[in-house]
Amino acid sequence: MSTETQTTETPNRMLFLACFVAIVTTSFGFILRALTLPQWSAEFNLSNTQTGEIAGVGLWPFAISIVLFSLIIDKVGYKNSMIFAFVCHILSAAITWFATGYTMLYVGTFIMALGNGTVEAVTNPAVASMFPKEKTKWLNFLHAGWPTGLILGGVMALLMGPETNWKLKILLVLIPALGYGLLMLPHKFPLNERVKAGVSYLDMLKQVGIGGALIIVGLIIFQIGSVFGWATSVNVIVTLVIVALFGAFVRTFGQPLFVLMLLIMLPMAITELGTDSWIADLMGPAMSKIGLQGGWILIYTSAIMVILRFCAGNIIHRISPLGLLAVCSGIAALGLFFLSGADGIMILVAATIFGIGKSFFWPTMLGVVAERFPKGGALTMNVTGGVGMIGAGVLGAVILGFVQDKSIDNKLQAYDQQNKTELHSTYATTPRSSMFGTYQAIDAEKLAAAPLDEKTTVTGVQEIAKKEALKTVALFPLGLMVCYGALLLYFRSKGGYKAVHLSDTVTAPTPV
């Protein structure tokens, strides 16, 4: 057991600030890469799907580090884990600075995601333990750090202008990284609520159970398999072996409601993070018509998120967490649908709706899990976050790229048939494949050298395909609204939603 514990019950507000700045750092890395993705794509001749894969690897390795550290964090210590995260953030910036192509960009982003996952593996249970009676409220405060980082990092990068070398923008992540590194050094982390209450390590694992393990292990193994080119049968076998070994130890399916929450986390994360990974690029052409860079739309929706997350306490007192999630899902679906067809000033109106809708998703989901499954300690909270990140990375970011590429492929063929041209055979000459299917990608170098009229036509098709991708994403929050509504009815039949509180009595914990 780590000795990094506090003897006082008073929450350490400076430690909370360190956790907040660490979350800011994770979103700094996210927004800086989102804004430089178009520059990477142009400089290294990446397809939309390759660009989506780099955006995705900024998310899914998060699941590996957050799950692994959740299993050992009470042993290795919260502060040691944060030191590992700090090293990852510094190393990622260095590798990306020296990148010469797809591989180094991919590796640098991978390491950043490992650091981000470690940050959340520490900060989520630490804050929940500091504020055991107000978990959802303070987790919303903590995760206001995410949009805060998007705003600060995004504004700094955008003000540097599109002509500024992307390498200089990437180095901005060092500012908050050094900040949380210095802030956390003099402080000790609180004893985890599960450990304090004497809930054993085995009981923590049983909260996740075979059902939860199957979801998170399957997602991780299939993504690792796609990176190393494993056959589907190999992925299945490796997943089943790991889950079988885990199942032999815990001998329980896990909490059914928790397993359901993991499944719901997938479309929720795709709606928020999958869209945010692409929004600057998707809305770039439409935003340029009103004289703004596409990245400003992400800054704007993030500002809405900061304000609303700091108002979460008052809102949650008036509506249950599940009711809040159901309402937000419907609002987010409307926002995405309107964004897919918006032009001019209506882009900001649609973005406002979407920004309101996505504001409470992530921290409120973590709050529900923390309130309903406190015996799961760091593990249940962080497995939930891990499933969300890997879902957004494996499915969200990549599917948005594929939808664009496939739509461009099809629309260009249709244009040729209608106008007796040969644009598709001239410019869509690069065969590519992803987990969602095959397509013919546009060769960026050929398009750059094309005659003006042909370039204008192909670019027009690309712009239409980018915005139409948002209609596909709008289906996810619609499904979420149905799921949260069903959960509301379930809890109503049980007497209403209530948080579960562990005993405050400190007993000797089972050794980790």
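Let me start with a term: a residue is buried when its relative accessible area is under 20%, exposed when over 50%, and partly exposed in between, using a 1.4 Å probe and protein chains only. With that in hand, hello everyone, and here is our structure.

Please keep in mind that this is a predicted model, where local features need pLDDT of at least 70 and side-chain atom pairs count only at pLDDT 80 or more, while totals for chains, interfaces and linings use all residues. Residues are numbered from 1 along each chain as its sequence is written, and side-chain values use heavy atoms, with hydrogens and water left out.

Let's go to the salt bridges. By that I mean a side-chain nitrogen of Lys or Arg within 4 Å of a carboxyl oxygen of Asp or Glu. The search of the whole structure turns up 4 of them. In one, Lys 137 pairs with Glu 134, with 3.6 Å between the closest N and O atoms. Is Glu 134 buried or partly exposed? Its relative accessibility is 34%, so Glu 134 counts as partly exposed. Lys 137, at 25%, is partly exposed too.

Now look at Lys 135, whose side chain meets that of Glu 193 at 2.8 Å, N to O. Lys 135 sits in helix H6 (residues 135–142) and Glu 193 in helix H10, so this pair ties together parts 58 residues apart in sequence. Helices here are DSSP runs of H or I with at least four residues, numbered from the N terminus. Both Lys 135 and Glu 193 are buried.

Helix H10 appears again in another bridge, between Arg 194 and Asp 74, at 2.9 Å, N to O. Arg 194 is in helix H10 and Asp 74 in helix H3 (residues 61–76), 120 residues apart. These two are buried as well.

Just before helix H10, in the loop that follows helix H9 (174–184), you'll find His 187. His 187 has 16% relative accessibility, so it counts as buried. Setting aside neighbours within four places in sequence, His 187 is in contact (heavy atoms within 4.5 Å) with Asn 12, Met 14, Leu 15 and Lys 79.

On to the interior. A nonpolar core is a set of buried Ala, Val, Leu, Ile, Met, Phe, Trp, Tyr and Cys residues joined through side-chain atoms within 4.5 Å. The largest one has 138 residues, and Trp 40, Val 127, Tyr 180, Val 387 and Tyr 484 touch the most other members. Helix H1 gives this core its largest share, 17 residues. Apart from that core lies another of 11 residues, including Ile 442 and Val 461.

Last topic: cavities. On a 1 Å grid over the protein atoms alone, a cavity is a set of points where a 1.4 Å probe fits but cannot get out, and lining residues have an atom within 4 Å of a point. A volume is the space filled by probe spheres set on the points, which are joined across faces, edges and corners. There are 4 cavities of 30 Å³ or more. The largest has a volume of about 110 Å³. Which residues lie nearest its centre? They are Phe 30, Arg 33, Ala 34, Ile 54 and Ala 55, out of 12 lining residues. Helix H1 supplies the largest share of that lining, 6 residues.

The second largest cavity is about 80 Å³. Among the residues lining this second cavity are Glu 120, His 143, Trp 146 and Arg 309. Thanks for listening!

Methods
On a 1 Å grid over the protein atoms alone, a cavity is a set of points where a 1.4 Å probe fits but cannot get out, and a pocket is an open set with protein on both sides within 12 Å along at least five of seven lines; lining residues have an atom within 4 Å of a point. Helices (H or I, at least four residues) and strands (E, at least two) are DSSP runs, numbered from the N terminus.
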